[in-house]
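Please walk through this model from its buried positions outward to its charged pairs. The sequence and the structure come next, and the terms are explained as they are needed.

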Amino acid sequence: MKCYHCGCEDLPLAALTPRERRDYAAAGIVLRRCQGCGYYQNHIGDGEPVEPHEAANAAPPRDIR
């Protein structure tokens, strides 16, 4: 899997708030953040190895202060 913006292959799961976890899982989307350029991207299929509900549970927590 490569970044749509810069081509970097380091795309860990993006940090999510509790609401984002629920919404992204319900929409069937895996949100990733490129470590090369910082671009956030939605992944659906296209080589995505994790199911949306699994990604929502595994994503690190995002601080919402």
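A residue is called buried when its relative accessible area is under 20%, exposed when that area is over 50%, and partly exposed in between, as computed with a 1.4 Å probe on protein chains only. By that criterion Thr17, with a relative accessible area of 8%, is buried. This is a predicted model, in which local features need pLDDT of at least 70 and side-chain atom pairs count only at pLDDT 80 or more, while totals for chains, interfaces and linings use all residues. Residues are numbered from 1 along each chain as its sequence is written, and side-chain values use heavy atoms, with hydrogens and water left out.

Thr17 lies in the segment before α1 (18-27), where helices (H or I, at least four residues) and strands (E, at least two) are DSSP runs numbered from the N terminus. Once neighbours within four places in sequence are set aside, Thr17 is in contact (heavy atoms within 4.5 Å) with Arg62 and Ile64.

A second buried position is Ala55, which belongs to helix α2 and has a relative accessibility of 4%. Beyond its neighbours within four places in sequence, Ala55 is in contact with Leu13, Val30 and Val50, and its C-alpha atom is separated by 7.9 Å from that of Leu31, although these two residues are 24 residues apart along the chain. Ala55 is also a member of the largest nonpolar core, whose seven residues are Leu13, Ala14, Leu16, Val30, Leu31, Ala55 and Ala59; a nonpolar core is here a set of buried Ala, Val, Leu, Ile, Met, Phe, Trp, Tyr and Cys residues joined through side-chain atoms within 4.5 Å. In soluble globular proteins, nonpolar side chains tend to be buried together. Within this model, Leu13 has contacts outside its neighbours within four places in sequence that include Val30, Leu31, Ala55 and Ala59, and also Arg32 and Pro60.

The strands come next. β1 and β2 pair in the antiparallel sense over four bridges, pairing being assigned if DSSP finds at least two bridges between two strands. Val30 stands opposite His43 in β2, and His43 shares the covered face of β2 with Gln41, whereas Tyr40 and Asn42 form the uncovered face. The hairpin of these strands has six residues between them, and Gly38 takes a positive phi near 85° there.

How many salt bridges does the structure hold? There are five, a salt bridge being a side-chain nitrogen of Lys or Arg within 4 Å of a carboxyl oxygen of Asp or Glu. Side chains of opposite charge can pair when their charged atoms come close. One of these bridges joins Glu48 and Arg32, at 2.8 Å from N to O, and this pair links distant parts of the chain, with Glu48 in the loop between β2 (40-43) and α2 (52-58) and Arg32 in strand β1 (residues 30-33), 16 residues apart. Both Glu48 and Arg32 are buried.

Another bridge joins Arg22 and Asp23, at 3.1 Å from N to O; Arg22 is exposed at 52% relative accessibility, while Asp23 is partly exposed at 34%. Together with Arg19, these two residues are linked in a network of salt bridges. In the bridge between Glu9 and Lys2, the closest N and O atoms are 4.0 Å apart; Glu9 is exposed at 58% relative accessibility, and Lys2 is partly exposed at 48%.
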